[in-house]
Amino acid sequence: MGKFPAPVEIPSPGFPLSYPEPWRKFTWSIIVPKGNVIELVFPVYDVVYWGAYSTLDGCENVVTLSYLSPDENTTYVVGKRNKNPPYFVSDGSEIFLNITMTTCVLSDANKKVGFKALARTIECPACTLNPYPETTVQCTSQCGTIASFRYPYPEHTDEAFFYNQSWLIRVPENMVVTLLFNDFDVKCARENVCDSSEGALTVYEGGNDSSSSFLGVFCNYNSQGEIQTQSNVVYLQYSVKLKLVGSGRGFHLTYRSEFPKDKDKSKNNGFLNVK
């Protein structure tokens with residue numbers, strides 16, 4: 001369907017009056033120059049998908065998100081979604097971000113309008129473009145965006161499975177890290193209890209080794225809007241049990257490096273009590 005410089009708004013064909021015709025594949029490429037950071041969201045996502053599509057060749061996914069890295073000349077798939085839209089933040093490198101829409105048997109097409117995608121400019125890059133990292137993600141920019149696995153629509157599967165992610169944030173030594181939670185929905189293991197048997201975000205100051213200092217473990221019971229640490233190194237460990245029904249959205253945060261404030265650490269500016 002063409003190439004577009006970011007930022008840009010992309011509607012599916014016919015949106016919002018009609019759904020695209022069946023048995024077609026449409027691809028849009030968003031050009032993101034080096035040094036730019038874009039966030040891809042879908043303000044409207046109203047597509048046709050049936051479970052039986054998984055048996056039809058090429059119809060397994062309604063929307064596939066991928067990117068081409070010119071430096072590596074390699075295309076990476078970062079999201080395959082059906083009833084729920086993908087979400088993506090770039091890392092400041094030059095990429096061509098591709099949105100591919102596939103239409104198949106459309107028995108309900110007259111009730112759907114398609115989608116509207118919005119690639120908008122934001123300040124803080126993602127720590128990594130890899131949505132399924134096998135190792136701890138290293139975050140070294142002075143501000144960054146971190147989202148949990150498939151935020152805000154983590155997979156619901158027939159059988160529950162556990163997923164673990166971790167991030168190591170490191171800013172200049174004369175600075176400290178502040179965590180700003182834009183969204184937080186991590187289900188509690190049981191009432192008033194946060195642990196990794198269901199889902200929890202654990203925060204440490206000083207990294208992921210024996211020298212680290214435990215700050216807290218968080219879920220919906222004690223979620224924070226902001227955590228002001230006293231260290232230039234912060235380690236995040238996220239463990240979650242994803243289920244067919246009842247999984248939370250996960251979390252989305254922005255971290256920033258700031259000059260230390262002369263405050264009592266035990267009060268932590270009123271946001272987090274660590275003793």
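A charge sits over a ring if NZ of Lys or CZ of Arg is within 6 Å of the ring centre and within 35 degrees of the ring normal. The exercises use a predicted model, in which local features need pLDDT of at least 70, side-chain atom pairs count only at pLDDT 80 or more, and totals for chains, interfaces and linings use all residues. Residues are numbered from 1 along each chain as its sequence is written, and side-chain values use heavy atoms, with hydrogens and water left out.

**Exercise 1. Rings**

Task: find which residue lies over the face of Phe96, and list the cluster that includes Trp28.

Solution.
- Step 1: Lys3 is placed over the face of Phe96, 6.0 Å from the ring centre.
- Step 2: Apply the pair rule: rings of Phe, Tyr and Trp (its six-membered ring) pair if their centres lie within 6.5 Å, and planes under 30 degrees apart count as stacked, over 60 as edge-to-face and the rest as tilted. This rule gives 14 aromatic pairs.
- Step 3: Trp28 belongs to one aromatic cluster with Phe26, Phe42, Tyr45 and Phe115.

**Exercise 2. An open sheet**

Task: give the strand order of the open sheet of five strands and name its edge strands.

Solution.
- Step 1: Strands (E, at least two residues) are DSSP runs, numbered from the N terminus. Two of them pair if DSSP finds at least two bridges between them.
- Step 2: The order is β10-β12-β17-β14-β15, and the pairing is mixed.
- Step 3: β10 (137–139) and β15 (213–218) each pair on one side only, which makes them the edge strands.
- Step 4: At the β10 edge, three bridges join β10 to β12 (residues 161–170) in the parallel sense. Cys139 has Ile169 in β12 as its bridge partner.

**Exercise 3. Empty space**

Task: describe the largest cavity and the lining of the second largest pocket.

Solution.
- Step 1: On a 1 Å grid over the protein atoms alone, a cavity is a set of points where a 1.4 Å probe fits but cannot get out; a pocket is an open set with protein on both sides within 12 Å along at least five of seven lines; lining residues have an atom within 4 Å of a point. Grid points are joined across faces, edges and corners, and a volume is the space filled by probe spheres set on the points.
- Step 2: The whole structure holds four cavities of 30 Å³ or more. The largest cavity has about 430 Å³ of space.
- Step 3: Its lining has 26 residues, with Tyr87, Asn130, Pro131, Ala147 and Ser148 nearest the centre.
- Step 4: The second largest pocket has about 160 Å³. Its lining includes Glu39, Phe42, Tyr87 and Arg120. Strand β4 (residues 38–46) gives the most to this lining, with four residues.
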